[in-house]
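Here is a short set of exercises to work through with the model open beside you. Try each task before reading the solution below it.

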Amino acid sequence: MSIINHMVSNLHYLGTKVEEVKVKYKKHPQSQPKQCFNNAWRHVIDHPGSTYVLGYYMYMGQIPIEHAWVKEGNGYLDVTLDEKKIKSSDAYMKVIEVPRELLDEYVNAKQHAPDLFALNRFLGDKSKKRRS
């Protein structure tokens with residue numbers, strides 16, 4: 001967990017609180033391999049009330065890979081990874097649940113779904129514009 005805290009320490013505009021969450025698997029019909037950000041965004045578009053989540057998939061419990069998944073109701077779903085390839089030592093570390101309004105604003109401006117650092121930069125730029 002300390003490696004994740006170090007990795008998110010520069011995400012000043014996200015107000016991050018790292019938390020391990022349990023995730024179930026449900027492939028979106030249009031999911032593409034290695035396209036977790038777009039897959040999660042498509043799922044949110046197709047399922048009103050779901051939330052775009054950014055964080056890290058901890059491969060073998062040790063190797064952090066930036067990843068996106070969704071929250072539906074009180075549970076989390078990975079719409080990209082194949083459940084058969086997941087190991088019991090793997091974990092999901094949630095960094096932020098992105099509010100729908102912010103997700104829509106980002107996608108409208110950038111024409112793609114955000115990762116953690118792009119979203120942080122976007123919020124930083126917005127903050128600087130407000131101050132000037």
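**Exercise 1. Find the element that holds Lys24, decide whether Lys24 is buried or exposed, and list its contacts beyond four places in sequence.**

Start with the location: in this predicted model, Lys24 belongs to strand S2. Next, look at accessibility. Its relative accessible area is 64%, and the cut-off for exposed is over 50%, so Lys24 is exposed. Now look for its partners. Setting aside the neighbours within four places in sequence, Lys24 is in contact with Tyr76, Leu77 and Asp78. For Tyr76, the separation along the chain is 52 residues, while the C-alpha atoms of Lys24 and Tyr76 are 6.2 Å apart.

**Exercise 2. Work out the strand order of the open sheet of six strands, and name its edge strands.**

Step across the sheet one strand at a time: the order is S1-S6-S3-S4-S5-S2, and the pairing is mixed. The edges are S1 (19-21) and S2 (23-25), each of which pairs on one side only. For the twist, ignore direction: neighbouring strands are turned by 45° against each other on average.

**Exercise 3. Describe how strand S3 (residues 51-59) pairs with S4 and with S6, and explain why S3 counts as largely enclosed.**

Take the S4 side to begin with. S3 and S4 (residues 63-72) run antiparallel and are joined by nine bridges; Met58 stands opposite Pro64 on this side. The two strands form a hairpin with three residues between them, and Met60 in the turn has a positive phi of about 55°.

Then turn to S6. Here the pairing with S3 is again antiparallel, over seven bridges. Two opposite pairs to look for are Tyr52 with Val98 and Gly55 with Lys94.

Finally, consider burial. Seven of the nine residues of S3 are buried, so the strand is largely enclosed by the rest of the structure.

**Exercise 4. Characterise the surroundings of Lys94, and decide whether Lys94 is buried or exposed.**

Lys94 sits in strand S6 (residues 91-98). Its relative accessibility is 11%, and buried means under 20%, so Lys94 counts as buried. Its side chain makes a polar contact with the side chain of Glu97, at 3.2 Å. Leaving out the neighbours within four places in sequence, the residues in contact with Lys94 are Lys17, Val18, Glu19, Val21, Val53, Leu54, Gly55, Trp69 and Tyr76.

**Exercise 5. Determine which strands helix H2 (residues 36-46) lies across, then analyse how H3 and H4 cross.**

Begin with H2. This helix lies across S3, S4 and S5 (75-78), running at about 5° to S4.

Move on to the pair of helices. The axes of H3 (residues 100-110) and H4 (residues 116-131) come within 11 Å and cross at roughly 90°. Angles from 65 to 115 degrees count as roughly perpendicular, so that is how H3 stands to H4.

Which residues meet at this crossing? From H3 come Leu102, Glu105, Tyr106, Ala109 and Lys110; from H4 come Ala118, Leu119, Phe122, Leu123 and Lys126. Sorted by type, the contact has seven nonpolar residues, no polar ones and three charged ones.

Conventions. Residues are numbered from 1 along each chain as its sequence is written. This is a predicted model: local features need pLDDT of at least 70, side-chain atom pairs count only at pLDDT 80 or more; totals for chains, interfaces and linings use all residues. Side-chain values use heavy atoms; hydrogens and water are left out. Axes are lines fitted to C-alpha atoms, for helices over the stretch in contact, and angles run from 0 to 180 degrees between N-to-C directions. Angles under 35 degrees count as roughly parallel, over 145 as roughly antiparallel, 65 to 115 as roughly perpendicular and the rest as oblique. Contact means heavy atoms within 4.5 Å. Ala, Val, Leu, Ile, Met, Phe, Trp, Tyr, Cys and Pro count as nonpolar, Asp, Glu, Lys and Arg as charged, and the others, Gly among them, as polar. Buried means under 20% relative accessible area, exposed over 50%, partly exposed in between (1.4 Å probe, protein chains only). A polar contact is a pair of N or O atoms within 3.5 Å; within protein, one must be able to donate a hydrogen and the other to accept it, and residues adjacent in sequence count only if both atoms are side-chain atoms. Two strands pair if DSSP finds at least two bridges between them.
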